[in-house]
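Me: I'd like to go through the labels on this predicted model and see what each one rests on. Can we take them one at a time?

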Amino acid sequence: MDRLCSRAYLNLTNMKITTKIIENHGIKTDEYKKIVSLIGRDPNFLELGIFSAMWNEHCSYKSSKLHLKKLPTKGKKVIQGPGENAGIVDIGKSADGTEYCIAIRIESHNHPSFIEPYQGAATGVGGIMRDVFTMGARPIANLNSIHFGSPQHKKTKNLLRGVVRGIGGYGNCIGIPTIAGQTCFDESYNGNILVNAMTVGLVKKNKIFFI
């Protein structure tokens, strides 16, 4: 087994990197130049795969972070903006004087859900509930916005069924209801769907956990 692993590793590290391989990894020309600049040489096949995974849209939000930076993130009621597992907003005191906050986390699980709709959507929901938990909050509600290709497209029916079941299944198994959602169909999503999930949690202000 060790010999097989070593041989496989050598095959990956010695493989000639072509323009087609770079393109198939979703790496743009300027991004490839950046990789070469960072490591001081051309990457091997294994390294290229690592950069491809870490620099893809799902992990780095490389096409959307420019727009996300334009959104307001500070205010009198904002306890925690971007940087922690979930955002925290102060919602005031209850009748007994206890100070409460809302924890909010949103995540996209687009291509994972396109590849495996049930697990992709379910792990997207699970991940954001985890992020709310880690701030000391208790998840109280899930929401979603999901976008699919044309209803006539051969993949749409299976993707819709799997994503809806995945979102509901993960929330239901731990008792967190999905209280709102949006579903859209357009042929522009035939090649890749959008699965945006959101979890809202409740936490006492003096119980917020910061890393």
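Me: What makes Arg105 partly exposed?
Reply: Its relative accessible area is 27%. Partly exposed is what lies between the 20% and 50% cut-offs, so Arg105, at 27%, gets that label.

Me: And why is Glu107 called buried?
Reply: Glu107 has a relative accessible area of 13%. Buried means under 20%, so Glu107 counts as buried.

Me: How do you know that Arg105 and Glu107 form a salt bridge?
Reply: Their side chains come to 3.8 Å, N to O. The cut-off is 4 Å between a Lys or Arg side-chain nitrogen and an Asp or Glu carboxyl oxygen, so the pair qualifies.

Me: What about Asp131 and Arg130, why is that a salt bridge?
Reply: Here the closest N and O atoms are 3.2 Å apart. That is within 4 Å, so Asp131 and Arg130 form a salt bridge as well.

Me: Is Asp131 buried or exposed, and how do you know?
Reply: Asp131 is buried: its relative accessibility is 4%, and the label needs a value under 20%. Its partner Arg130 comes out at 48%. Exposed would need over 50%, so Arg130 stays partly exposed.

Me: Which residues are linked in a network of salt bridges?
Reply: Arg105, Glu107, Arg130 and Asp131. The structure holds six salt bridges.

Me: What makes Arg41 and Glu47 another of these pairs?
Reply: The closest N and O atoms of Arg41 and Glu47 are 2.7 Å apart. The limit is 4 Å, so that's a salt bridge too. As for cover, Arg41 is at 40% relative accessibility and Glu47 at 21%. Both values fall between 20% and 50%, so both residues are called partly exposed.

Me: Why can Leu46 belong to a surface patch?
Reply: Leu46 sits in helix H4 (residues 45–54) and has a relative accessible area of 31%. Patch members need over 30%, so Leu46 makes the cut. Leu46, Ile50 and Met54 form this nonpolar patch, with about 270 Å² of accessible area together.

Me: Now the pockets. Which residues lie nearest the centre of the largest one?
Reply: Leu68, Thr73, Pro82, Arg105 and Ile106, out of 25 lining residues. Its volume is about 840 Å³.

Me: Which strands supply its lining?
Reply: Strand S1 (78–80), strand S2 (87–93) and strand S3 (99–108) each supply at least two residues. S3 has the largest share, with five. By class, the lining of the largest pocket divides into 11 nonpolar, nine polar and five charged residues.

Me: What lines the second largest pocket?
Reply: Asn56, Glu57, His58, Tyr61, Ser63, Ser108, His109, Asn110, His111 and Asn192. Helix H5 (57–60) and helix H7 (110–115) each give two or more of these residues. The volume of the second largest pocket is about 290 Å³.

Me: How does its lining split by class?
Reply: The lining has one nonpolar, eight polar and one charged residues. Tyr counts as nonpolar and Glu as charged, so Tyr61 and Glu57 fill those two places.

Me: Last one: why is Val195 called buried?
Reply: Val195, in strand S6 (residues 194–204), has a relative accessibility of 2%. The cut-off is 20%, so Val195 is buried. Val195 and Ile27 are 168 residues apart in sequence and 23 Å apart in space, C-alpha to C-alpha.

Notes:
Residues numbered from 1 in each chain as written. Predicted model: local features only at pLDDT ≥ 70, side-chain atom pairs only at ≥ 80, totals over all residues. Heavy atoms only, no water. Patch = residues over 30% accessible without salt bridge, like charges linked within 9 Å, V, L, I, M, F, W, Y side chains within 5 Å. Areas by Shrake-Rupley, 256 points an atom, 1.4 Å probe, with all protein chains shown as cover. Helix = DSSP H or I, 4+ residues; strand = E, 2+ residues; numbered from the N terminus. Buried < 20%, exposed > 50% of the residue type's maximum accessible area, 1.4 Å probe, protein only. 1 Å grid on protein atoms, 1.4 Å probe; cavity = no way out; pocket = protein on both sides within 12 Å on 5 of 7 lines; lining within 4 Å. Points joined across faces, edges and corners; volume = space filled by probe spheres on them.
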